[in-house]
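Here's a quick briefing to go with the model you're about to look at. Grab your viewer and follow along, topic by topic.

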Amino acid sequence: MQIIVGVLMTWEGMPVTHRVFPGSTADIETLKVAINDARKRFNLRRVIFVADCGMVSPALLDELDRQRIEYIVGVKMCCAGAVAEVLATGGRYKVVRDNLKVKEVWHAADRYIVCYNPVEAEHDRQAREEMVQKLKAKLKAGIKPLIGNKGYRCFLKLNGAKAEIDRQALEREARYDGKYVLRTNADLDTDAALAYKDLWRVERAFRELKSPLDLRPIYHWKDRRVHGHVMVCFLALVLESALQQSLKLAGAQMEYQYLIRDLKKLKAAELTLEGQTYLCRTEMPGQAYEAFRALGIRPPQHVQELALGAATN
C-alpha cells in the first residue's frame with residue numbers, strides 16, 4: 001500500500017491537520033487540494049508554496065503561475081542553465097543573519113534570490129582543497145582508476161594518456177561555495193530565504209513520522225484502517241511537537257533524542273506483598289526528569305499503593 005501524506009503545520013512547527021492521498025496522485029494535484037483546503041478551512045487569505053528543488057519541475061511552476069499561487073522554491077545548482085548567469089550578476093548582499101546574506105536578481109523575467117552562507121562557504125572551500133590534494137596523490141599512481149570516478153573526473157583535463165587538474169573547473173566550482181538560489185514570484189525579500197530555511201521543520205516532521213513513529217510499513221489494506229493508522233501516527237507527532245515546544249519554553253538544553261532515550265529507560269513494575277499490590281518505578285535515568293518539569297507534571301512516586309481492582313497486567 002503506497003500513500004501520500006500531507007501535513008499542515010504552524011510557523012513554529014506545530015502540526016495542525018493532515019490529509020492522505022493515493023500513492024499515484026501527482027504532486028500538482030495534491031498541492032491544489034491542500035492549498036484550497038487550507039484556504040477554506042482556516043480562512044487563509046495568503047498561501048505561499050515552499051519546496052526544495054527535488055519537488056520542483058517547469059510544469060509545476062507553470063501550473064502555480066496559472067493558479068496564481070505564490071511560491072518560493074529551490075533551484076538545482078547543477079542543472080538550471082540560468083543559475084550561472086544569476087550567480088554572475090552583480091549586486092550587494094543584504095545581511096539577514098550572521099550566517100545568511102541575500103540579494104535579488106532578475107533573469108528572463110523571473111525573480112531569483114541568491115543566498116550566501118559564509119560559514120558554509122569556508123567549509124566548501126576546505127573540502128575542495130582536500131579533494132585536490134587527494135587527486136594530486138592519485139594522479140601519481142596513474143589516471144586509469146580516476147576515469148570512472150565522476151567526483152574526480154569533472155576536475156581533470158585529459159590529453160591523451162596524460163591528465164592534469166583543470167584549474168578553470170575548480171574556479172567555476174568555487175563560485176558556488178556557500179550559495180544556493182531560490183526562485184520566487186512572491187513579494188518577499190529576506191522573508192523568502194527565512195521561509196525556505198524553515199523547511200527543516202517539515203522535513204523533521206516527516207522523518208519522525210516515517211521512523212520513530214512507525215508510519216511505515218503499513219500492514220492494512222482497507223482505506224478506513226489505513227486512514228486510522230495515519231491518524232494515530234499524526235496524533236503522536238502532535239504530542240511530540242507539544243513536548244518539544246514545552247522543553248524549549250522551559251529552557252531545557254538537552255538534545256531531544258537523548259531525552260527520549262532516557263524516558264524509554266523509565267520502567268514500572270507491579271509487586272504484590274502480603275496481599276497488597278504496589279506499583280514501583282525505577283530510578284529516574286539521565287535527564288528524564290526534564291520532561292516532567294517542562295510539562296509541569298509531578299514524577300510518579302517510587303512506590304505507589306494500588307487500590308483493590310486497580311491492578312494491571
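Does Y116 count as buried, partly exposed or exposed, and at what relative accessibility? Y116 comes out at 22% relative accessibility, so it counts as partly exposed, given that buried means under 20%. Keep in mind that this is a predicted model. The rest of the tour covers an aromatic pair, a hairpin, an open sheet and a buried threonine.

**The aromatic pair**

- Searching the whole structure turns up two aromatic pairs.
- In one of them, the ring centres of Y93 and Y116 sit 5.8 Å apart with the planes at 40°, so this pair is tilted; the tilted class covers what is neither under 30 degrees nor over 60.
- Y93 belongs to the loop between α3 (81–88) and β5, while Y116 is in strand β7 (residues 110–116), so the pair ties together parts 23 residues apart in sequence.
- Y93 has 26% relative accessibility and therefore counts as partly exposed.

**The β5–β6 hairpin**

- Strand β5 (residues 94–97) pairs with strand β6 (residues 100–107) in the antiparallel sense, with three bridges between them.
- Two residues separate β5 and β6, and the two strands form a hairpin.
- If you want a spot to zoom in on, R97 stands opposite L100 in β6.

**The three-stranded sheet**

- Three strands make up an open sheet in the order β11-β12-β13, and the pairing is antiparallel.
- The edges are taken by β11 (268–273) and β13 (303–305); each has a single partner strand, so one side of each has no neighbour in the sheet.
- On average, neighbouring strands of this sheet are turned by 30° against each other, ignoring direction.
- β11 and strand β12 (residues 276–281) run antiparallel and are joined by six bridges.
- Across that pairing, L271 stands opposite Y278 in β12.

**T184 and its surroundings**

- You'll find T184 in strand β10 (residues 179–184).
- T184 counts as buried because its relative accessibility is 3%, with the cut-off for buried at under 20%.
- A polar atom of the T184 side chain lies 2.7 Å from the backbone oxygen of Y71.
- That T184 side chain also reaches the backbone nitrogen of A186, at 2.9 Å.
- Leaving out residues up to four places away in sequence, T184 touches Y71, I72, R111 and I113.
- Y71 therefore shows up twice around buried T184: as a residue T184 touches and through its backbone oxygen.

Methods
Residues are numbered from 1 along each chain as its sequence is written. This is a predicted model: local features need pLDDT of at least 70, side-chain atom pairs count only at pLDDT 80 or more; totals for chains, interfaces and linings use all residues. Side-chain values use heavy atoms; hydrogens and water are left out. Two strands pair if DSSP finds at least two bridges between them. Helices (H or I, at least four residues) and strands (E, at least two) are DSSP runs, numbered from the N terminus. Axes are lines fitted to C-alpha atoms, for helices over the stretch in contact, and angles run from 0 to 180 degrees between N-to-C directions. Rings of Phe, Tyr and Trp (its six-membered ring) pair if their centres lie within 6.5 Å; planes under 30 degrees apart count as stacked, over 60 as edge-to-face and the rest as tilted. Buried means under 20% relative accessible area, exposed over 50%, partly exposed in between (1.4 Å probe, protein chains only). A polar contact is a pair of N or O atoms within 3.5 Å; within protein, one must be able to donate a hydrogen and the other to accept it, and residues adjacent in sequence count only if both atoms are side-chain atoms. Contact means heavy atoms within 4.5 Å.
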